Amino acid sequence: MHRPTLPIQGLPVWARLNGVSFHNITVANTEGKGYGVVSNTELNASQDTADGPVLLSVPHGLILNAAAVEEYAKEDKSFKQLLDAVGRRSSRADVLLFLLVQSVLAAHPNHAGSLGVSNPWTEYIKFLPETVLVPTLWTENERLLLRGTSLEAALDAKISSLDAELGLVQAKSAHIVAWNDLLWHGVVRGKEVEDPSPVEFTDWIRLDALYRSRCLELPRSGESMVPCIDMLNHAAEPSAYYEENAQDEVVLLPRPGVAVAQGSEITISYGAGKSAAEMLFSYGFIDPSSITDSLVLPLAPFPDDPLATAKLVAFGQAPQIHVARGPPPSQGIGRAENDEQQGQQKEEEDGDSDIHWTSPFAYLMCINEEDGLEFRILQQTDGAQQLCVFWQDEDVTERTGEFEALVRQHPLAAVFRLRVVTVVQEALQTQLERLGETTASASSMGVEKSSASTSISTPPRTECVRAAAALRELEMNILEGCIGKLENEKNALLGDDNVVAYLGLAEVTESGQVDDETSNDAGDFS
Ligand SMILES: C[S@@+](CC[C@H](N)C(=O)[O-])C[C@H]1O[C@@H](n2cnc3c(N)ncnc32)[C@H](O)[C@@H]1O
């Protein structure tokens, strides 16, 4: 499907027609970032936000989210039919379906009103960039640059889920003849079409990328797309912010005390706590000055664990390991200044002491029936069956993410912790090795690009090479730091009295011999 585009110079007219007001700002091309918002005058905001000039205001009716999609459906019977058949699975899915229809209507001006009612978004969508640099839209060659990073698995999973999602939209809408013709065959019944242009998988990936890179969290309306506000680029030290005012308009205001020179860009923050991988995944760039040094990896249960499936079902979320540099989240807010100084001093003494990790599933993964874990199937009064989890005979079905705390009072707490530390360290080590193994090929792809290699496939774009290299370096660094920290903890735990007794290592040290049983137990932590 070919979605037509309009030059950005046409945006002020669209804005006037739809009640959007720009005050001394213009949307224009910015170096390396696509469109952005530029100040037409010198801006010196006062310290008091109440006095700040409104830079941009967007009427409530233009906000796009699930509630707005429902409103559009009320005015458009044919779209309602489609939404009834396909929609209401999630806000994102409804907005994507709506954007798909707007793109198709924009691409088929000859449908002549037979299907779908035009609305402000049918025109606005033409101002949006044709593509976004998020990795779901990278070429296969470019995606190879991300092998070994935390994005590799996430990207594969995302592409599979987008494929399944589009398959579902197609299957559920196939019985509506007119939509079936237009969406999946690119034709309008009864009209001569020379060049049918059906929706393809790349169209769906593009819409998902547009949504992900442009939706924002509004204080009252929640996750939404807002035209024109979505033209603002991100900066670590932004000059503006958005909010919803008393009239439910979305307004852009300068941050207190900021100064913006005439012709300079006005920016907002896309969120301060995001990792490099998240930034790249959602927005297609990494700003080193505003990311948190962190990563998330998937964790799989032991393949030979007979309770693996029960553990996964009972846990109810994707099992993961989170690693981050900086204060653990619970200490992050409201930390006293001298705590920070102490933290800094400790870090200087102890290298990577500021790295922390969490993995609630790793605790569930590392305990078993002989430790006091039990799964029971309970029959409910309505006949349904429920999987219940017991720890030391206590029902902990609702607390499967809290095993770190649950095992703390157990006499073998140090043994459990040692198992968890070992599992997490091994997972990080495997990831680090894969990152190391794939680094040479990723760098050579970058070099090939710069020396105009003879490779037959299209060389990766410079922005992708740079972003992938930055991600690789950041992740390698944090993995190495965390593995070192886990090694220290593992060594300390191996000296713990309870652990020594459990492993029978005390006798080994005294006799210098290892009996069979002892060596098997020690193998738990290899
Ligand atoms: C909400 S849109 C902003 C408007 C966008 N530049 C456009 O051309 O429509 C978000 C996208 O802008 C780009 N972007 C925003 N801030 C950026 C930055 N600091 N560096 C590089 N690209 C940026 C990225 O492509 C991102 O996916």
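These are my notebook entries on the domains, two sheets and the ligand surroundings of one protein chain.

**Entry 1: the model and its domains.** I began by noting that the model is predicted. I then looked up the domain assignment, which divides the protein chain into domain 1, covering 8-268, and domain 2, covering 293-494. Next I asked how many residues of each domain take part in the contact between them. I found 14 residues of domain 1 in contact with 21 residues of domain 2. On the side of domain 1 that touches domain 2, the helices α6 (140-143) and α7 (151-173) each supply at least two residues. Sorting that side of domain 1 by class, I noted 7 nonpolar, 5 polar and 2 charged residues.

**Entry 2: the mixed sheet.** I turned to the strands and found an open sheet formed by 4 strands in the order β2-β3-β12-β8, with mixed pairing. Its edge strands are β2 (25-30) and β8, each of which pairs on one side only. Following β2 across to β3, I counted 6 bridges joining these two strands, which run antiparallel. As an example of such a pairing, I wrote down that T30 has G34 of β3 as its bridge partner.

**Entry 3: the antiparallel sheet.** Another open sheet is made of 4 strands in the order β1-β5-β10-β9, and here the pairing is antiparallel. Why is one side of β1 and of β9 left without a neighbour in the sheet? Both β1 (21-22) and β9 (240-244) stand at the edges and have a single partner strand each, so one side of each has no neighbour in the sheet. For β9 I followed the pairing to β10 (residues 250-254), where 5 bridges join the two strands and the direction is antiparallel. Within this pair, Y242 has L252 in β10 as its bridge partner.

**Entry 4: around the ligand.** Which residues come nearest to the ligand? Of the 19 residues around the ligand, I listed G34, Y35, S213, N233 and H234 as those that come nearest. I then checked which elements give two or more residues to this shell, and they are β3 (34-39), α9 (201-214) and β8 (233-234). The most comes from β3, which gives 3 residues to the shell. Here I went back to my second entry, since G34, the bridge partner of T30, is also among the residues that come nearest to the ligand. Likewise β8, an edge strand of the mixed sheet, is one of the elements that give two or more residues to the shell. By class, I recorded the shell around the ligand as 9 nonpolar, 6 polar and 4 charged residues.

Notes
Residues are numbered from 1 along each chain as its sequence is written. This is a predicted model: local features need pLDDT of at least 70, side-chain atom pairs count only at pLDDT 80 or more; totals for chains, interfaces and linings use all residues. A residue is near a molecule or strand if its C-beta atom, placed from the backbone, lies within 6 Å of it. Ala, Val, Leu, Ile, Met, Phe, Trp, Tyr, Cys and Pro count as nonpolar, Asp, Glu, Lys and Arg as charged, and the others, Gly among them, as polar. Two strands pair if DSSP finds at least two bridges between them. Domain bounds come from an automatic or database domain assignment. Two residues are in contact if their C-beta atoms, placed from the backbone, lie within 7 Å.
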